[in-house]
Amino acid sequence: MRVIASYPPAVTPEQFLASVPVADPDDLMAIADKLAAATDVVERGAGRILARRDLELTAPEGAWSRWWLPIAPVISIASVEVLHRDGQTWEAVDPSRYRLARGHDEPQLVWRDGGVVDREVRVRVTAGHTTDAVPLGLRRAVILLAKEWCDADLAIEGKIEAPVLSFGVRSLIRQNRYRRPREVA
């Protein structure tokens, strides 16, 4: 998954400061960094995109006519491209050939003509919630995790590897986790 464009964050530093007393409320850049990192951890754990953004996803090669996207919610599909048989160029697919089904809770890319794709597919989507519609549990998980990092005075630099999540954060993520449906043969 590749981020193409981002919109306002799920939790702003001002919202964080209104919820949590911190030692140095003047360092908004450090708080914003912690919130961005916490949002990333929560999104990956929950499989849900919190704040609205444009993403590029790649569907696996194989014979399929319906693909459950690995994230939720998905607002719209901007474009679909199929890898050319030469394995190097991408061909745009006419939007009349596909549609988004159940974007809010079980997002699926469905071929309208019932056709089957046997090549790799690249999909650009707009996903996430509007700022006021982010699930409360996930918003609280972001705030709690960022607060724990502020309390521990952690510096968020570079890549975060295997963060240890507190019971509260894990519980909030687990309650709101999106799991892609499994196909039964």
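Let us start at a hairpin: β4 and β5 form one with six residues between them, and Gly 87 in its turn has a positive phi of about 75 degrees. Names like these refer to DSSP runs numbered from the N terminus, where a helix is H or I of at least four residues and a strand is E of at least two. This is a predicted model, in which local features need pLDDT of at least 70 and side-chain atom pairs count only at pLDDT 80 or more, while totals for chains, interfaces and linings use all residues. Residues are numbered from 1 along each chain as its sequence is written, and side-chain values use heavy atoms, with hydrogens and water left out.

Strands of a sheet pair through backbone hydrogen bonds, either parallel or antiparallel. Here, two strands pair if DSSP finds at least two bridges between them. In the hairpin, β4 and β5 are antiparallel and share three bridges, and Glu 81 has Ala 92 in β5 as its bridge partner.

Now follow β4 (residues 74-83) the other way, to β8, which it pairs with in the antiparallel sense over seven bridges. Val 74 stands opposite Ala 127 of β8. From β8 (residues 121-127) we can step on to β2, again antiparallel and joined by seven bridges; here Asp 54 is opposite Thr 126. Next comes β1, which runs antiparallel to β2 with four bridges between them, and Ser 6 has Arg 53 in β2 as its bridge partner.

Strand β2 deserves a pause. Six of its seven residues are buried (under 20% relative accessible area, with a 1.4 Å probe and protein chains only), so β2 is largely enclosed by the rest of the structure.

Beside these strands, look for the largest pocket, which holds about 330 Å³ of space. A pocket is an open set of points on a 1 Å grid with protein on both sides within 12 Å along at least five of seven lines, and lining residues have an atom within 4 Å of a point; its volume is the space filled by probe spheres set on the points. Of the 20 lining residues, Ala 36, Thr 39, Asp 40, Glu 43 and Arg 53 lie nearest the centre. The helix α2 gives the largest share of the lining, seven residues.

Finally, an open sheet of three strands has the order β3-β7-β6, with antiparallel pairing. Its edge strands, β3 (66-68) and β6 (98-101), each pair on one side only. Between β3 and β7 there are three bridges, and Arg 66 has Val 110 in β7 as its bridge partner.

Technical notes:
On a 1 Å grid over the protein atoms alone, a cavity is a set of points where a 1.4 Å probe fits but cannot get out, and a pocket is an open set with protein on both sides within 12 Å along at least five of seven lines; lining residues have an atom within 4 Å of a point. Buried means under 20% relative accessible area, exposed over 50%, partly exposed in between (1.4 Å probe, protein chains only).
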